[in-house]
Amino acid sequence: MFVKVCGLRTPETVDAAVEAGADAVGFVFAPGSVRLISADGAAPLVARVPDGVETVGVFRRQPIDEVLLLAREAGVGTIQLHGDEPEDHFARAAEAGFRTIRAISAARFTAAGHAGDERLLIDATVPGSGTTFSPADLPVPPTVDWLLAGGLRPDNVAGLIAAFGPSGVDVSSGVESAPGVKDPALIRAFLAAARA
Ligand SMILES: O=C(O)c1ccccc1NCC(=O)[C@H](O)[C@H](O)COP(=O)(O)O
């Protein structure tokens, strides 16, 4: 089970995620997010992530030139586009040497439209809102590897993995003590529950 912990903003919580065994850590560069971090702020956090743990920059409806600039400045290896971005944004990111994750809401998932993506993340309608969705909200069941996001918490992640059968999970609000404030103990509890 691939596990991504998203919206990190401090060295302590980056270390907690890495030490708990996260496969990927995310940094949110989407304007308006309570988890927003600058490229300058993220760079030293990215630098402390060991090889083998993926570093993901999260973007939403930003010009692709801005996305590439911020991703390079922060030093992340993966670009996650979270706002129905056009195909050429994914192509530009891949051409620039980044891995990509396409994040879409459950209601907008279509198997044919996304089968070729490097990675697919299916989320609730409002990203980072801590809202869950159910398998019935997916228009069709995914037949490709995908990451489940949306309202996952230490106490519900095992049940939602069983219900959906994703290849990985992504969490943000569910490991916070307040909006935008990650809690190392909740991060550890989430990793343990997702892997149990
Ligand atoms: O987290 C945000 O604030 C955010 C804002 C804008 C675009 C994307 C954002 N988050 C992306 C993620 O990958 C979140 O981890 C995902 O939406 C799940 O969030 P949550 O329901 O809070 O666990």
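Colleague: In what order do the strands close into a barrel, and is the pairing parallel or antiparallel?
Modeller: Eight strands close into the barrel in the order S1-S2-S3-S4-S5-S6-S7-S8, and the pairing is parallel. Two strands are said to pair if DSSP finds at least two bridges between them. This is a predicted model, in which local features need pLDDT of at least 70 and side-chain atom pairs count only at pLDDT 80 or more, while totals for chains, interfaces and linings use all residues. Residues are numbered from 1 along each chain as its sequence is written, and side-chain values use heavy atoms, with hydrogens and water left out.

Colleague: How many helices and strands does the chain have, and what makes a run count as one?
Modeller: The chain has seven helices and 10 strands. A helix is a DSSP run of H or I with at least four residues, a strand is a run of E with at least two, and both are numbered from the N terminus.

Colleague: Why is the chain called as compact as a globular protein of that length?
Modeller: Its radius of gyration is 15 Å and the globule rule gives 16 Å for 196 residues; the two are close, so the chain is as compact as a globular protein of that length. The radius is taken over C-alpha atoms, and the rule is 2.2 Å times the number of residues to the power 0.38. Along its principal axes the C-alpha trace spans about 40 × 40 × 30 Å.

Colleague: What do S1 and its neighbours in the barrel contribute in bridges?
Modeller: Strand S1, residues 2-5, pairs with S2 in the parallel sense over two bridges. With strand S8, residues 168-171, S1 pairs in the parallel sense over four bridges. Val 5 links to both neighbours: it stands opposite Val 25 in S2, and its bridge partner in S8 is Val 171.

Colleague: What makes S2 a mostly covered strand?
Modeller: Five of the five residues of S2, residues 24-28, are buried, where buried means under 20% relative accessible area, exposed over 50% and partly exposed in between (1.4 Å probe, protein chains only). Ala 24, Gly 26 and Val 28 point one way from the strand, Val 25 and Phe 27 point the other way, and all are buried.

Colleague: How do you know that both faces of S4 are covered?
Modeller: Thr 78 and Gln 80 on one side, and Ile 79 and Leu 81 on the other, are all buried. S4 runs parallel to S3, and four bridges join the two strands. Gln 80 is the bridge partner of Val 58.

Colleague: Why is His 89 called buried?
Modeller: His 89 has a relative accessibility of 12%, so it counts as buried. The residue lies in helix H4, residues 87-95. It touches Gln 62, Ile 64 and Leu 81, leaving aside residues up to four places away in sequence; contact means heavy atoms within 4.5 Å.

Colleague: Why is Gly 75 called partly exposed?
Modeller: Its relative accessible area is 43%, so Gly 75 counts as partly exposed. Gly 75 sits in the loop between helix H3 (64-74) and strand S4 (78-81). It touches Val 46 and Thr 55, not counting residues up to four places away in sequence. Its C-alpha atom is 7.6 Å from that of Ala 47, 28 residues apart along the chain.

Colleague: What is there to note about phi of Arg 61 and Asp 84, and are these residues buried or exposed?
Modeller: Arg 61 has a positive phi of about 55° although it is not a glycine. Arg 61 is in the loop between strand S3 (54-59) and H3, and at 56% relative accessible area it is exposed. Asp 84, also not a glycine, has a positive phi near 55°. Asp 84 is in the loop between S4 and H4, and at 41% it is partly exposed.

Colleague: What does Val 18 touch, and how far is it from Asp 88?
Modeller: Val 18, in helix H1 (residues 11-20), touches Val 49, Pro 50 and Val 53, not counting residues up to four places away in sequence. Val 18 and Asp 88 are 70 residues apart in sequence and 32 Å apart in space, C-alpha to C-alpha.

Colleague: What share of the residues is buried, and what share of contacts joins residues 24 or more positions apart?
Modeller: Buried residues make up 50% of the 196 residues. Residues 24 or more positions apart account for 53% of the contacts with a separation of 6 or more.
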